[in-house]
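Hi,

Here is the model you wanted to look at. My notes follow below it.

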Amino acid sequence: MSEPLTCIGCGKHPDEIDEYIECAAEEGMSPVQYVIEEEGTYDKFEPERFYCTRCYIEAGMPLIGGAHGSS
């Protein structure tokens, strides 16, 4: 079973990912708090997990909810 609050793709914790460290510092919060409050993929694909930007792009930017766009 995967660790909670880690990236689905790379398995890193928010405290290990530069983008969250930097954004969290700008907002005056911890990287964990930043992911929980601001990361759109948090808790959408797997409970208590998220995609960092790099892994989200590498995964093909999956749609939240698994919907396949309808035109």
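Which cysteine sulfur is closest to the sulfur of C10, and why is there no bond? The closest one is in C7, and at 3.7 Å the two sulfurs are too far apart for a bond. For a disulfide I asked for a pair of cysteine sulfur atoms within 2.5 Å. C55 tells a similar story: its closest cysteine sulfur, in C52, is 3.6 Å away, again too far for a bond. By that rule the disulfide count is zero.

Before you read on: this is a predicted model, so local features need pLDDT of at least 70 and side-chain atom pairs count only at pLDDT 80 or more, while totals for chains, interfaces and linings use all residues. Numbering runs from 1 along each chain as its sequence is written, and side-chain values use heavy atoms, with hydrogens and water left out.

On burial (buried is under 20% relative accessible area, exposed over 50%, partly exposed in between, with a 1.4 Å probe and protein chains only), C10 is partly exposed at 37%, whereas C55 is buried at 8%. Of the chain's 71 residues, 28% count as buried.

T6 is buried too, at 7%. You'll find T6 in the segment before α1 (18-27). Beyond its neighbours within four places in sequence, T6 has contacts (heavy atoms within 4.5 Å) with G11, K12, H13, E48, R49 and F50.

As for the fold, there are three helices and zero strands, where helices (H or I, at least four residues) and strands (E, at least two) are DSSP runs, numbered from the N terminus.

Cheers
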